[in-house]
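Here's a structure to explore at your own pace. Take a moment to turn it around before you read on.

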Amino acid sequence: MTSHQAPHRVFNFSPGPAALPTEVLEKAAAEMLDWRGMGVSVMEVSHRGKDFMEVAAKASHDFRSLLKIPEDYAVLFMQGGAIGENGIVPLNLMLPQGKANYLITGQWSARSAKEASRYGQVQIVANGADAKGRYQRLPTRSDWQIDPEGAYFHLCVNETIDGLAFDGLIDRGDAPFQAPAAMPVVADVSSTILSEALDVSQFGVLYGGAQKNIGPAGLTFVIVRKDLLGRAHPLCPSAFNYQIVAENDSMYNTPPTYSIYLAGLVFEWLIAQGGVESIAKVNAQKARLLYDTIDQTDFYYNLVEPAYRSKMNVCFFLRDETLNTQFLKESQASGLLALKGHRLVGGMRASIYNAMPLAGVEALVAFMKAFEKRYG
Ligand SMILES: Cc1ncc(COP(=O)(O)O)c(C=O)c1O
């Protein structure tokens with residue numbers, strides 16, 4: 001079947017797997033059947049062949065340059081997603097102490113702590129949940145209880161479900177909970193990676209699933225300071241052992257080749273947009289527009305303290321919850337997809353990663369205002 005009409009595309013607010021830049025999908029579609037004149041798709045070639053090795057090396061190089069990743073960090077392309085990393089991180093880093101610190105700021109960090117407790121002693125530094133189980137602010141610093149002997153300090157910089165974010169930079173030095181400055185910080189950055197600048201040197205490990213800001217699901221990225229390699233538990237599967245993966249340039253096992261290829265196209269797209277600093281400005285503008293719209297009326301509300309509001313996942317509620325179904329039905333009919341909030345939180349959530357253009361948020365805001373006029 002052939003069609004000369006432009007394909008039907010909507011504004012997709014899915015939290016992940018999330019929207020990809022249209023230009024990237026167009027390039028991938030054009031190359032699907034005949035990649036590099038080889039008469040095959042990139043999915044159909046060996047990961048050890050020269051052509052794919054070039055793709056993987058270029059993707060890694062572009063990722064490094066976009067994030068300004070220092071030389072003393074290894075970039076690993078793995079599988080298992082961020083939930084896999086919840087077990088893989090302790091298997092790689094918890095020894096010899098056998099314990100680690102976890103800061104709970106939302107659903108995902110709570111889940112990380114729970115999984116890590118299967119491998120050793122987990123110290124809950126603080127839990128930001130309120131009496132109703134909602135996360136609206138970072139727990140007060142003076143209430144943190146850090147185990148100074150913990151092998152690392154784990155946190156999540158952007159809680160995708162709760163719409164709460166912080167920069168992940170923590171001062172671990174003030175009394176009375178003095179922790180050694182050498183304690184590496186391990187951060188789940190699944191939903192903010194490449195959306196704004198990040199000082200990689202402040203972290204021991206950064207990890208996440210690719211399916212929000214990088215590419216399709218199936219690819220997990222890990223950025224690990226090289227001095228942290230070589231500590232894995234003897235029972236850590238070799239394919240999940242950071243040192244082994246690093247020594248084999250992420251080709252110890254067959255990597256998710258198509259996801260790496262697409263990630264490479266997304267990196268090239270982001271470089272063409274002016275890089276992380278440029279897209280960060282657009283991201284800030286998108287988030288401001290949406291939060292301003294929510295704050296300007298009683299019809300909608302958001303509970304997260306302004307200083308901790310996520311720029312990637314904007315959660316909001318309708319004061320009259322009986323209108324939720326109608327809101328979702330009408331928004332979808334208006335070409336605004338996947339605005340339903342996570343089942344644990346309810347309400348609405350607009351995920352506005354790098355691939356969401358400002359025009360998408362403008363369309364959403366116009367819809368929200370019109371909906372309020374109709375039903376407010
Ligand atoms: C912050 C964060 N951590 C972990 C996960 C789980 O990731 P995965 O499904 O790739 O294992 C997600 C997925 O939405 C997430 O947003």
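What follows is a short tour of the ligand's surroundings and of a patch on the surface.

## Before we start

Keep in mind that this model is predicted.

## Who sits around the ligand?

Which residues surround the ligand? Going along the chain, you'll meet Gly81, Ala82 and Ile83, then Trp108, followed by Cys156, Asn158 and Thr160. Asp188, Ser190, Gln211 and Lys212 finish the list.

Sorted by class, that shell is a mix: four nonpolar residues, five polar ones and two charged ones. As for where they come from, helix H3, which spans residues 81-93, gives the largest share, with three residues.

## Polar contacts and cover

Now zoom in on the ligand's oxygen atoms. One is found 2.4 Å from an N or O atom in the side chain of Thr160. For the side chain of Gln211, the distance from a ligand oxygen to an N or O atom is 2.8 Å, and for the side chain of Trp108 it is 3.4 Å.

How much of the ligand does the protein cover? On its own, the ligand has 400 Å² of accessible area, and the protein covers 85% of that.

## A nonpolar patch on the surface

Let's leave the ligand and look at the surface. Met32, Leu33 and Met43 make a nonpolar patch there of about 310 Å².

Pick out Met32, one of the patch residues. You'll find Met32 in the loop that runs between helix H1 (22-31) and helix H2 (50-67). Is Met32 buried or partly exposed? Its relative accessible area is 30%, so Met32 counts as partly exposed.

Technical notes:
Residues numbered from 1 in each chain as written. Predicted model: local features only at pLDDT ≥ 70, side-chain atom pairs only at ≥ 80, totals over all residues. Heavy atoms only, no water. Near = heavy atom within 4 Å. Polar contact = N/O pair within 3.5 Å; in protein donor to acceptor, adjacent residues only side chain to side chain. Areas by Shrake-Rupley, 256 points an atom, 1.4 Å probe, with all protein chains shown as cover. Helix = DSSP H or I, 4+ residues; strand = E, 2+ residues; numbered from the N terminus. Nonpolar A, V, L, I, M, F, W, Y, C, P; charged D, E, K, R; others polar. Patch = residues over 30% accessible without salt bridge, like charges linked within 9 Å, V, L, I, M, F, W, Y side chains within 5 Å. Salt bridge = Lys/Arg side-chain N within 4 Å of Asp/Glu carboxyl O. Buried < 20%, exposed > 50% of the residue type's maximum accessible area, 1.4 Å probe, protein only.
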